[in-house]
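Colleague: I'd like a close look at one part of this model, a pair of helices and what surrounds them. Could you walk me through that?

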Amino acid sequence: MAHCLLIAGLVGALGASGLAPEGDLQLMQTWSSGQPPRSLARDGPRSVRPAVYPPSFPIDLRDEADPRAATTTIVIFSVGEFAVGSGPFAGATVCTRPTADPDPRTKRPWKLLLESDATDAELKVISAEFTNGLQTYPDKGQVPLVFGNMTEDGLRALLNRYPGRVKSVQEDEFVKMVDDPEPNDGQSERRTYPWGIQYVQADAVRGRGVGVSVYVLDTGIRITHNEFGGRAFAGVDLTTPETYPGTLTTCSPTSTTCANDVHGHGSHCAGTVGSSSYGVADGATIWSMKVLNNAGSGWTTWMVMAEQWILASGNRPAVVSSSIQVGPNWNDAPWLASTDALVADGVTVVVAAGNSNQDACTWIR
Ligand SMILES: *[C@@H]1O[C@H](CO)[C@@H](O)[C@H](O)[C@H]1NC(C)=O
């Protein structure tokens, strides 16, 4: 519940993050007057659209008629599409995708959450059961997780070989989690702050966030953009090579190729976080955590791995900003455990909440 309240308390900032028009960064790129935008006219009164809650999953909250709502979302599937396995799973909760390849010989991608007392050594043994196993390092403070491909029968057998050691398993999927950038409408200059920036009074109070590291989990960041004022750095890249469960590359912080943004969404979100003219916290240090490829797609494993890197190796104080979502009521136990561990470690985690005036608590991953 504390986690829930924390997220709810961040809705203001999230609104700014989620609702700034996608075109902002492109607009910033061509905004060259050098004048501080504080003198610019404010947007008109904030209008709140009534929430419309679709009754069934999966839902798509993109509203083409509202350019603000069209910026982020990303609804692919939800827990409603998963089946909780009831077979002999040795006490573990297993969420499989019924839409997955039913061929029993197919090695499907799994995320395993182990009991909290699991060690590096135990994870190494379990990880070795997979041909492409990847593990976290609980001895360094990470949440005990193992990722890899296996057949469903193989998974069942594995769980029975380690009874009571695996808490839950979630089948992964390669999903598109951000929309493609909208075409530039030809406008070359923005004259107002987005309403979300005003809502958190970032138009009036500049210079926030000095000394804070903000980790932006997204498609990467164009760190050389003027608007980042040299405050943006390359963090980690999970998308190269593009495999499952993937490889975590720790970037050289000034690299312009590692964790670089080709898609645009990550730079847009990072701009909302901390661009010099329009950012919520224009004093913050911004880190590119590339967990989505150049088409805006990725494995949830990549996000979990990035979170676990922040947990064990990231700076403090830290904020994690993730304008990524895979659906409301998403109930991915390994991912939730990963995010909860960050919150428990004092990291402020801000996640997108659907851009639809819904209760942010229903969007916690
Ligand atoms: C793992 O599973 C994913 C998703 O089905 C697939 O794309 C990939 O090729 C698999 N890898 C292996 C080594 O089986």
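Modeller: Here is the helix pair, then the core around it. Bear in mind that this is a predicted model, where local features need pLDDT of at least 70, side-chain atom pairs count only at pLDDT 80 or more, and totals for chains, interfaces and linings use all residues. Residues are numbered from 1 along each chain as its sequence is written.

The pair is α8 (residues 300-313) and α9 (residues 333-344), whose axes come within 9 Å and cross at roughly 25 degrees. Helices here are DSSP runs of H or I, at least four residues, numbered from the N terminus. Axes are lines fitted to C-alpha atoms over the stretch in contact, with angles from 0 to 180 degrees between N-to-C directions. α8 and α9 are therefore roughly parallel to each other, a label for angles under 35 degrees. On the α8 side the contact is made by T300, M303, V304, E307, Q308, I310 and L311, and α9 brings P334, W335, S338, T339, A341 and L342. Contact means C-beta atoms, placed from the backbone, within 7 Å.

Now the core: the largest nonpolar one has 74 residues, and V216, I286, A306 and V320 have the most contacts inside it. Such a core is a set of buried Ala, Val, Leu, Ile, Met, Phe, Trp, Tyr and Cys residues joined through C-beta atoms within 7 Å, buried meaning 20 or more other C-beta atoms within 10 Å of a residue's own. α8 gives the most to this core, with seven residues. Take V320: leaving aside neighbours within four places in sequence, its contacts include E307, I310 and L342.

Notes:
Helices (H or I, at least four residues) and strands (E, at least two) are DSSP runs, numbered from the N terminus. Angles under 35 degrees count as roughly parallel, over 145 as roughly antiparallel, 65 to 115 as roughly perpendicular and the rest as oblique. Two residues are in contact if their C-beta atoms, placed from the backbone, lie within 7 Å. A residue is buried if 20 or more other C-beta atoms lie within 10 Å of its own, exposed if 12 or fewer, and partly exposed in between; C-beta atoms are placed from the backbone.
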